[in-house]
Structure formats: structure tokens, C-alpha cells
Amino acid sequence: MTFAVTATLLTAPLFTTAQPASADATSTDVTVNTRAALATVPSTAVGVNHAVWDSYLGTNEVADTLHNAGVRMMRYPGGSYSDIYHWADNTAPGGYVAPNTDFDHFMSGVNRAGAQAIVIANYGTGSAQEAAGWVRYANVTKNYGVKYWEIGNENYGNGHYGSNWEADDHADKSPAGYANEVVAYADAMKAVDPTVKIGVVLTTPGNWPDGLVAGGDAGTWNQVVLSIAGPHVDFAILHWYPGGSSATEALSKTDQITDISWLARQQINQYAGKPLGIAITEMNTGWGQNTQPGALFAADAYAQLLENGVFTVDFWDVHNGPTTARTIAGQQDFEDFGILSSGTCTADNVCEPAVNTPFAPYYALQLLSKAAAPGDQLVRASSSDPLIGVHAARKANGDLAFLLLNRDPDNDRTVTLHYDGFTPAAGAPTVLTYTNGAASATTSSTGTAITQTLPKYSLTTVIVHPAALPVGPPNAPGQPVASNVTDTAATITWPAATGGTKYEIYRQNGTTSEQWGETTGTSFTVHNLVPGTRYTLNVVNRNNAGQVSWSSAPLNFQTGTPAAAPCAVKFADVNDWGNGYVASVDITNTGTSPIASWNLSFTWPTAWQSFNGGWSGNWSASGRTVTVSNVDYNGALAPGAATNIGFVAGYSGPNVLPPRFTLNGQLCRTLS
């Protein structure tokens with residue numbers, strides 16, 4: 001994404017004295033389980049985009065303001081401009097480049113903010129040699145140590161699928177053409193500095209053009225790109241603009257994050273031949289970009305993406321410029337994708353606040369960074385009310401932090417905090433709050449470790465101290481892996497850890513940890529699993545004194561379906577158009593007895609998938625469950641016989657295909 005901006009400068013205060021919340025509040029239970037660990041926060045977690053058309057790029061004022069929000073990753077030279085930008089002479093033919101926005105000015109701001117850089121090499125109008133020259137200048141000549149390099153920006157938007165916004169001078173604009181060039185870029189850049197990490201552009205699951213196969217291609221963009229370039233690169237690049245025409249719709253989009261992450265990793269594992277990190281290098285909401293809905297979205301989206309192991313989330317962008325002024329939640333919104341005001345006016349002369357005044361999402365990043373700093377371990381937390389969002393992090397000094405979101409625009413909410421695996425200290429915790437329309441966040445010591453009142457439409461970080469710090473606890477086990485995964489069993493192994501006498505294996509069931517077993521070794525086989533089901537587990541290390549380590553990193557895996565089932569189903573997306581597809585379903589009698597008639601049933605994995613009509617069967621749908629029975633000509637299936645049926649499906653988010661099918665009440669084997 002690229003927009004131009006003009007600006008003048010002012011830095012806003014970051015914290016002021018807290019004001020008391022209303023005493024009239026509705027109560028909600030919030031639960032945290034410190035043994036149900038999610039990802040550890042990386043040093044690159046909180047990022048933003050910088051663009052060469054921004055005249056304040058790299059300035060001390062901007063760098064200091066971003067530093068105070070916890071920003072530790074900065075992307076350059078800016079969205080689609082990246083595919084027309086030439087670093088050596090700081091030009092972008094066909095676009096505007098502001099003075100003093102060259103690479104050295106950018107790196108000056110990065111270094112002042114204590115951040116890292118992620119740089120986009122020009123794929124559209126550049127070359128592998130130009131990119132290698134940039135690596136040489138950055139890391140050999142100037143010793144900047146730029147680790148992360150992307151190859152192009154949204155290159156699937158080059159016209160190959162119809163829409164054409166991304167510059168691309170290559171004759172071959174197919175995913176194979178892009179992937180082969182990425183290999184050349186990666187080889188040339190790593191020949192200069194073997195330590196650099198190269199990123200490849202993918203489509204985000206559930207977002208255009210994910211699922212589309214253009215004429216002449218061997219598969220989707222991700223399938224082709226990963227199959228060719230995957231072995232040569234180090235991370236995958238996704239952009240996410242989920243949209244929304246109301247606050248309720250926009251804020252609900254974060255429900256898609258777990259499945260987006262799951263599908264992206266499934267595609268990487270299937271086609272790349274090795275694990276790749278995932279970077280969300282552009283993200284913003286579609287509603288209330290400058291007001292409280294934008295802040296609530298940003299806080300929730302950053303936290304969930306980091307919980308799912310994304311190593312950086314880069315907000316689009318620092319300065320962007322106003323579009324249309326309107327009132328949202330009682331506050332002036334400018335539909336400005338910048339995190340800081342550009343200080344300019346709309347076409348009908350409604351002007352933004354002074355340049356560099358933070359918009360509401362800025363404070364979302366600030367409160368998130370206070371709750372979950374680099375090195376903190378994110379842990380599972382839940383709320384009894386969907387209007388109250390919660391994320392939690394275990395800190396190296398023993399503290400526990402909550403990021404609490406009150407999505408209720410009309411009412412304060414009292415939350416009661418419940419703990420598993422942590423005993424809070426008495427006394428008031430540290431509380432940081434950002435309320436609707438506030439000019440800054442507030443900080444205070446208020447409430448207790450058990451009860452907090454959240455102002456309406458607010459973001460709150462609560463930092464709780466432990467009642468006592470353990471002395472010499474055992475070390476945490478390393479990353480578990482799953483092998484020999486069947487429909488009902490899996491073998492879990494992990495690197496050994498010191499200081500303990502046994503390991504305990506726990507499944508995450510929401511905020512409840514279900515112990516699967518314990519062992520003195522570093523391997524455990526679990527049985528009695530449910531076929532076609534995702535599991536998340538952690539391993540902890542316990543010593544003779546009863547002290548428990550921090551949890552291992554999470555392991556996510558999915559069981560298969562029974563190999564010896566009396567039926568088999570092959571479900572395929574055979575013609576996808578971006579928000580729907582034609583599904584082909586093959587049903588095979590793999591048993592020893594003939595089937596006189598049949599009834600097939602499956603359940604959609606997500607709430608945004610739908611059945612829109614089928615053929616060769618009597619179809620019906622109720623909620624997420626889809627059922628089809630035979631018609632007169634395809635009911636009889638002898639052993640080994642098969643029949644094909646089909647239907648039209650719709651989706652408005654990541655399209656996770658159904659993993660389980662039952663035929664006449666018996667679970668079938670699912671074929672890929």
C-alpha cells in the first residue's frame with residue numbers, strides 16, 4: 001500500500017496522571033494460565049512502515065516518538081514504491097521522493113530508535129545485482145547490519161490475476177517467474193552477506209488472490225512460489241487489510257488470525273521443504289483508523305499475531321495523509337492509515353491535528369509493548385465476555401502483565417482476574433490506560449491484582465507482581481516436535497532441560513491445561529486422541545522441590561483420520577474465485593460390504609464458510625453442519641466403488657478445508 005503525505009512537526013506527551021473510571025460497571029471474569037505458553041515475544045515484534053515520500057522519515061522527533069511506543073522494527077522504502085525505488089540515487093521514477101529520505105537518513109532514525117531495519121529490494125524495476133549492491137553498501141561499506149530483506153512488495157498485484165497496481169517490468173509475471181527471480185536475488189544477496197535473511201512475497205490465506213489459479217500456472221501463487229523459492233529463502237511475507245464497514249465488523253476480523261497463521265504454515269510445510277518465519281509487513285484496519293476502533297483492532301491484532309508466532313507486525317504506516325473526515329465513537333477520524341498525523345487537510349478542508357500527533361493506534365502499540373516486551377512469554381488468557389479482550393505475558397523478572405480491551409463503547413466493565421500457575425502479590429498493580437479520545441495514555445497504581453475497572457472503549461495494561469519469586473527453578477524444555485502422528489496417537493519429543501527431575505506434558509484446552517502424562521525422558525507418546533483435530537501442547541520441567549519451569553514453546557499439530565476406515569473421502573477445491581469455490585467430493589467404499597444407500601456429513605471448521613448449493617445428492621445445511629444423501633442413481637456402492645458429488649462453497653476468511661467426514665455415521669479416511 002502506498003499513499004503520499006506532507007507534514008510539519010509536534011511530539012505529543014506519552015503519559016499523564018490517571019483519572020478514575022466510573023463506578024457503574026458490568027463484571028467479567030478473566031482467566032490466565034501461565035503454564036499454557038504461546039510464543040515468546042521477539043525483538044522485532046512491534047514494527048512500522050516508513051516511506052520515501054514522507055519528509056519526516058528518519059528525523060529525531062519521529063524516531064523518539066516511535067521508540068516511546070516500543071517500535072523496534074522499521075520497514076523501508078514504503079509499499080509499492082519499493083518496486084520503483086532505486087537506493088543508490090534515492091529516486092523512484094513515476095513517484096515522489098521527499099528530500100532527506102535516502103537510506104542513510106532512514107538508518108539514522110532506525111538506530112536512534114533502537115530498532116532494526118527490514119528493507120524491500122526493488123523487484124519490479126530493479127535487479128538482483130542492484131539488490132546485492134544494496135546489501136554490500138548496508139552491511140559491508142556502512143556496517144549497518146541489516147538482517148531482513150524482502151524481495152518486492154505485493155508482486156501478485158502485477159496484472160497476472162487481473163488487478164494491476166504493482167510495477168513489474170518482467171516479461172514473465174507468473175508466480176513461477178517471480179519465484180525464479182527470487183532465487184537469483186537470494187543467491188546474489190547472500191553471496192555478499194551470508195547472514196542476511198531473505199523474505200518472499202506470499203498471498204494471505206483468505207485474502208485475494210489466495211486460492212486463485214491463473215491460466216498456465218501449476219497451482220496457486222503460494223504453491224508455486226514456495227515450491228520454487230522456498231528452499232532459498234528464510235521467511236514469508238504476508239499483508240493483511242481485513243476491512244470492515246463498522247466497528248463491530250472490523251474488530252471481529254481478528255478472529256481469523258489463528259486460521260490465517262495455521263494455513264500459512266500448512267502451505268509452507270507442504271511446499272517450501274523447510275520451516276520459514278512469518279512476517280506481517282503491512283497491516284491496518286478498515287474502520288476508524290485514527291480513533292478508538294483502530295486502536296482496539298491494532299492491540300488485538302498485534303497480540304494475536306505474536307501469540308501465533310509471527311516475528312514482526314509492521315503497521316501501515318508512520319505518516320499517510322487524510323482521506324475523508326467523519327465522526328467515529330464521538331471522535332474525529334480522517335481515514336488516515338498513518339500512526340502519526342500528517343498535519344494536512346482533507347479536500348473539504350477539515351484539518352488533522354499538528355504533524356506527528358499520535359493517533360489512537362499509536363497508544364495501542366505503546367500499551368502492547370508495556371505488556372509484552374521482547375523476551376516475555378505470551379501465555380493463554382480468556383474472558384467470559386466477548387466484549388472484553390485479554391492477552392497476557394509472563395515477564396523475565398517474574399511479573400505477569402495483562403493487556404485488556406474493553407470493546408463496549410457505552411459501559412465501564414469490572415473484571416475479576418483469575419490465575420493458574422501464578423500467585424499475585426498484594427497491593428495495587430501498575431495500570432496503564434488509554435481511553436476513547438484521550439490525548440495520551442495514563443499510568444497509575446490502582447485497583448488490585450484481583451479486580452480492575454476498565455473504562456468504556458478503552459485499552460488497559462495491568463502489570464502484577466508475584467507474591468514470591470522462586471529460587472533456582474529448573475530450566476524450560478526446548479521446542480517440542482510431533483512425529484508418527486496418526487488418527488489417535490502422536491509421539492512428542494523435545495530437547496533436554498537442566499535442573500529438573502521429570503517432564504510434564506500438557507494440552508492447552510482454552511485456559512485449562514490438561515496433563516497428558518509425565519516422563520523422565522525426552523519423549524512421550526500420547527494415545528486416545530480425536531481424529532482430524534488440532535492440538536496445542538506444552539512441556540514443563542519439574543524438580544524434586546515441586547518447582548516448575550517456564551513452559552516450552554507451544555507445539556501445534558493435527559491428527560489424521562483412520563487408515564483402515566470403511567470409507568474414504570477426497571475433498572478438493574477445484575475452481576476458486578477468491579471468496580468461493582467449486583468443491584469436488586469423491587466418496588469411496590473402502591470396506592468389505594456393499595453400501596445400499598449413504599448419508600455423508602461434515603462440519604465447517606470456521607464461522608465464515610458456507611454451503612451455497614450442490615448436485616448429485618440431496619443437500620442440506622444447518623449452522624456449520626452440511627449433510628448430503630444419495631439420489632436414486634448413486635446410492636449403491638460396492639466394495640471399492642466410488643461416486644463423485646459436488647457443491648458451491650463460499651468463504652469470507654481463511655478457507656480451512658473440513659478435516660473429518662462421516663458416512664452413515666462412520667468416520668472416513670480423508671484423502672488429500
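Here are some worked exercises on the aromatic pairs, disulfides and sheets of this structure, which is a predicted model.

**Exercise 1. Describe the ring pair of Tyr-76 and Phe-103, and say which class the angle of the planes puts it in.**

Solution.
- Start with the general idea: a pair of aromatic rings is described by the distance of the centres and the angle of the planes.
- The structure holds 45 aromatic pairs.
- In the pair of Tyr-76 and Phe-103, the ring centres are 6.1 Å apart and the planes meet at 50°.
- Planes under 30 degrees apart count as stacked and those over 60 as edge-to-face, with the rest tilted, so at 50° this pair is tilted.
- Next, place the two residues: Tyr-76 belongs to strand β4 (residues 73-76) and Phe-103 to helix α2 (residues 103-113). They are 27 residues apart, and their pair links distant parts of the chain.
- Finally, look at accessibility. Tyr-76 has a relative accessible area of 0% and is buried, and Phe-103 counts as buried at 2%.

**Exercise 2. Work out how Tyr-241 and Phe-337 are arranged, and whether each is buried or partly exposed.**

Solution.
- The centres of the two rings are 6.4 Å apart.
- With 75° between the planes, the aromatic pair is edge-to-face.
- Tyr-241 sits in the loop between β8 (235-240) and α6 (247-252), while Phe-337 sits in the loop between β12 (331-333) and α9 (360-371). The pair therefore ties together parts that are 96 residues apart in sequence.
- The cut-off for buried is under 20% relative accessible area. Tyr-241, at 24%, counts as partly exposed, whereas Phe-337, at 13%, counts as buried.

**Exercise 3. Find the cluster to which Tyr-76 and Phe-103 belong, then find the residue that lies over the face of Trp-287.**

Solution.
- Ring pairs join Tyr-76 and Phe-103 into a cluster with Tyr-85, Trp-87, Phe-106, Trp-134, Tyr-137, Tyr-144 and Trp-149.
- For Trp-287, the residue over the ring face is Arg-326, at 4.3 Å from the ring centre.

**Exercise 4. How many disulfides are there, and which cysteines do they join?**

Solution.
- The count comes to 2 disulfides.
- One of them joins Cys-345 to Cys-351, with an S to S distance of 1.9 Å. The torsion about this S-S bond is about 95°, so the disulfide is right-handed.
- Both ends of this bond can be checked for accessibility: Cys-345 is partly exposed at 34%, and Cys-351 is partly exposed at 39%.
- Another disulfide joins Cys-567 to Cys-668, with an S to S distance of 2.0 Å. Here the torsion is about -95°, so the disulfide is left-handed.
- Cys-567 is in strand β28 (residues 567-576), and Cys-668 is in the loop between β36 (666-667) and β37 (669-671). These cysteines are 101 residues apart, and their bond links distant parts of the chain.
- Cys-567 and Cys-668 are both buried.
- To finish, number the bonded cysteines in sequence order: the pairing reads 1-2, 3-4.

**Exercise 5. In the open sheet that contains β23, which strands stand at the edges?**

Solution.
- Write down the order of the 4 strands: β24-β23-β26-β27, with antiparallel pairing.
- β24 (512-519) and β27 (555-558) each have a single partner strand, so they stand at the edges, and one side of each is left without a neighbour in the sheet.
- From one strand to the next, the twist averages 30°.
- Now look inside the sheet: strand β23 (residues 502-509) and strand β26 (residues 534-542) are antiparallel and share 6 bridges. Within this pairing, Tyr-503 has Asn-541 of β26 as its bridge partner.

**Exercise 6. Trace the open sheet of 5 strands and find residues that stand opposite each other in it.**

Solution.
- The order is β32-β33-β30-β35-β36, and the pairing is antiparallel.
- β32 (618-622) and β36 are the edge strands, each pairing on one side only.
- Begin at β32, which pairs with β33 over 5 bridges in the antiparallel sense. Ser-620 stands opposite Thr-627 in β33.
- Move on to strand β33 (residues 625-629) and strand β30 (residues 599-603), an antiparallel pair with 5 bridges. Here Leu-600 faces Val-628 of β33.
- Then comes strand β35 (residues 662-663), joined to β30 by 2 bridges and running antiparallel to it. Ser-601 has Thr-662 in β35 as its bridge partner.

Technical notes. Residues numbered from 1 in each chain as written. Predicted model: local features only at pLDDT ≥ 70, side-chain atom pairs only at ≥ 80, totals over all residues. Heavy atoms only, no water. Phe/Tyr/Trp six-rings, centres within 6.5 Å; stacked < 30°, edge-to-face > 60°. Buried < 20%, exposed > 50% of the residue type's maximum accessible area, 1.4 Å probe, protein only. Lys NZ or Arg CZ within 6 Å of the ring centre and 35° of its normal. Disulfide = S-S within 2.5 Å. Pairing = 2+ DSSP bridges. Axes fitted to C-alpha atoms, helices over the stretch in contact; angles between N-to-C directions.
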